[in-house]
Amino acid sequence: MEDAACQLERDHVHNVYEKIAPFFNDNRYKAWPKVRKFLLEQEPGSIVADVGCGNGKYLHINENVFKLGCDICRPLVESAWNQGHEVQLCDSLRLPYRDGCFDAILSIAVIHHFSTKERRIRAIKEMARTLRMGGRMMIYVWAMEQKRRKFEKQDIFVPWNPNLPCCPNCDQTLSRYRAQGEGLQGDGTDKHRKVKSTSSMLDREESPVSTQPRMQRLWFFSRSLDSVLDFGSPTVSRPSSQELNAKCPPAEERDGNGARSVSWGRGGNFIQQVSSLFSSRSSLEEDIFGSVTDLCAGLSPKKKSNDGSAMTQSVSLVQECSSMPLPDLVSYQKDIQLEESEIAGNQCQESIHPQQKLEDGTGCVETCCESEGSERFMRYYHVFRHGELTELIENNIEELHVMQTCLDHANWCVVAEKVKACINKPF
Amino acid sequence: MKLLTHNMLTSHVKGVTKGYPLLIKATEVKVNEVEFNPQFISRMIPKLEWSAFIQAAEGLGHLQNLPSTVVPEFENNEDFLRDVHKVLLEVEVIEGCLQCPESGREFPISRGVPNMLLNEDES
């Protein structure tokens, strides 16, 4: 279970961020206001850790506290270093800090990348260990429920396409001096951030909505690794990233009409199947991974054929998906709605591949899977139900008590306080 | 890596019980000017493991005037606060490594960033 979880995260979190790290630089989005407020509320002389800091987007806030950041992604950490921040490379399941040394901790958009419940608990416990008594941590994770609709499943893969055109307004570079404190006047750096919301929307997760053709915003449903492996499947083994990025499914057949269908006869590696599904034109159904689960349980594989009903379902599903913004972009929808309609029209025209069709659901899938020359990086997320994170903490981590919960623009935000000394060491 | 950061870092190799403080072996050290904020330093001092701080400063040849124990009523002692500020925030290890006092395992520091990632067998 642990190996499969590690492997999934390596392939669909760490390796992806390593590859897409160079594209994050210079295009930074506004800090979530609640996170900013949390940091500004810390007493002068506090020590704050940003666990999973990425390229350090929060590390400049509040010059009166000492901030350090850590992340597992080397290029992102180096980028944060180049902006003048104290950062380390580490695994958040094994934090290299002594017990109780932090006054506050941030965990922004990190926990949702852990592929099992157990690992999510461990990660939060590790942070709790390094928090002092009375100290608080703020955790942000993607929410399953959103204003207009919700993700159908909790475990999803989200594509990232590096070849999307960058927002034309993104010219601001947050270059910082190496010496800490120099060049800052209170929240002076925030001045750099008062730019058009289109440019400030860029996040390490996504390109801006305004320049991204709507068809690109898809995600793919999965089964939780917890539930897949409950079948006691011996078939979960090491997947390969090459297979994931392959344009064609590994075992492909054509029926008499030339329509493609996916054969499951490859020995049932869960993650390989994920990849073949992404490449398949015909198999985007609501509970697409139901068949994966069957396979894992040793049942005979079903063949997906390109019949009309499946197609109708897939078209509507894809259209549904593509119109639903992802959690980290939702907050800025209002600001840029006007701009989007202006810009998107032009941008879409420019970036449309000849094969792409906006109306055609199949076309959408093709676009995503087979965009010319581009590799697709699928990032794994476990999106959280209402109350899930709070419950996770209250039921499993005695050291912490949840003080606040709220839904902040499609993210669950939880603030928890250390109320008890850690009893069990994680290792 | 500043010495304030170093003061928080510990070896977390499996089985190690005394992984703190890490021994600094520096091959490149830089000193930058950092704006002095007396309140910041004053509040930071109680959070430090002072002996680890002194040991690290000494190892880097930057002990200067720092005492082996914190002076009483340091909050109003600006000279003392300035001395601490210099060593805590202005001295940076750019290249070198951090050595676990118990296992001897070395964590590299490269381009100012300590790599605290463990191998599979260490975690």
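A residue is called buried when its relative accessible area is under 20%, exposed when it is over 50%, and partly exposed in between (1.4 Å probe, protein chains only). The structure is a predicted model, in which local features need pLDDT of at least 70 and side-chain atom pairs count only at pLDDT 80 or more, while totals for chains, interfaces and linings use all residues. Residues are numbered from 1 along each chain as its sequence is written, chains are lettered from A in the order in which they are written, and side-chain values use heavy atoms, with hydrogens and water left out.

**Exercise 1. Classify Asp99(A) and Arg129(A) by accessibility, and describe the link between them.**

Step 1. Asp99(A) has a relative accessibility of 42%, so this residue counts as partly exposed.

Step 2. Arg129(A) has a relative accessibility of 8% and therefore counts as buried.

Step 3. The two residues form a salt bridge, with their closest N and O atoms 2.6 Å apart. The term requires a side-chain nitrogen of Lys or Arg within 4 Å of a carboxyl oxygen of Asp or Glu.

Step 4. This pair joins distant parts of the chain, 30 residues apart: Asp99(A) lies in the loop between S3 and strand S4 (102–108) of chain A, and Arg129(A) in helix H4 (residues 117–130) of chain A. Helices (H or I, at least four residues) and strands (E, at least two) are DSSP runs, numbered from the N terminus.

Step 5. A network of salt bridges links Asp99(A), Glu126(A) and Arg129(A).

**Exercise 2. Examine two salt bridges in chain B.**

Step 1. Over all chains, the structure holds 16 salt bridges.

Step 2. In one of the pairs, Glu28(B) and Lys30(B) have their closest N and O atoms 3.8 Å apart. Glu28(B) is partly exposed because its relative accessibility is 30%, and Lys30(B) is partly exposed at 41%.

Step 3. Glu122(B) and Arg105(B) also meet in a salt bridge, at 2.7 Å from N to O. Both Glu122(B) and Arg105(B) are buried.

**Exercise 3. Describe the interface of chain A and chain B.**

Step 1. Contact (heavy atoms within 4.5 Å) involves 34 residues of chain A and 38 residues of chain B.

Step 2. The two chains bury about 2,900 Å² between them, 57% of it on carbon and sulfur atoms. Buried area is the accessible area (1.4 Å probe) that two parts lose on being put together, summed over both.

Step 3. The interface has 3 salt bridges. Lys47(B) and Asp103(A) meet in a salt bridge through their side chains, at 2.8 Å from N to O.

Step 4. On chain A, strand S2 (66–71), helix H3 (74–82) and strand S3 (86–89) each supply at least two residues of the side that touches chain B.

**Exercise 4. Locate the largest nonpolar core.**

Step 1. A nonpolar core is a set of buried Ala, Val, Leu, Ile, Met, Phe, Trp, Tyr and Cys residues joined through side-chain atoms within 4.5 Å.

Step 2. The largest such core has 74 residues, of which Ile124(A), Met137(A) and Phe53(B) touch the most other members.

Step 3. Helix H4 (residues 78–90) of chain B gives the most to this core, with 6 residues.

Step 4. Leaving out residues up to four places away in sequence, Met137(A) touches, among others, Phe38(A), Ile105(A), Ile124(A) and Leu400(A).
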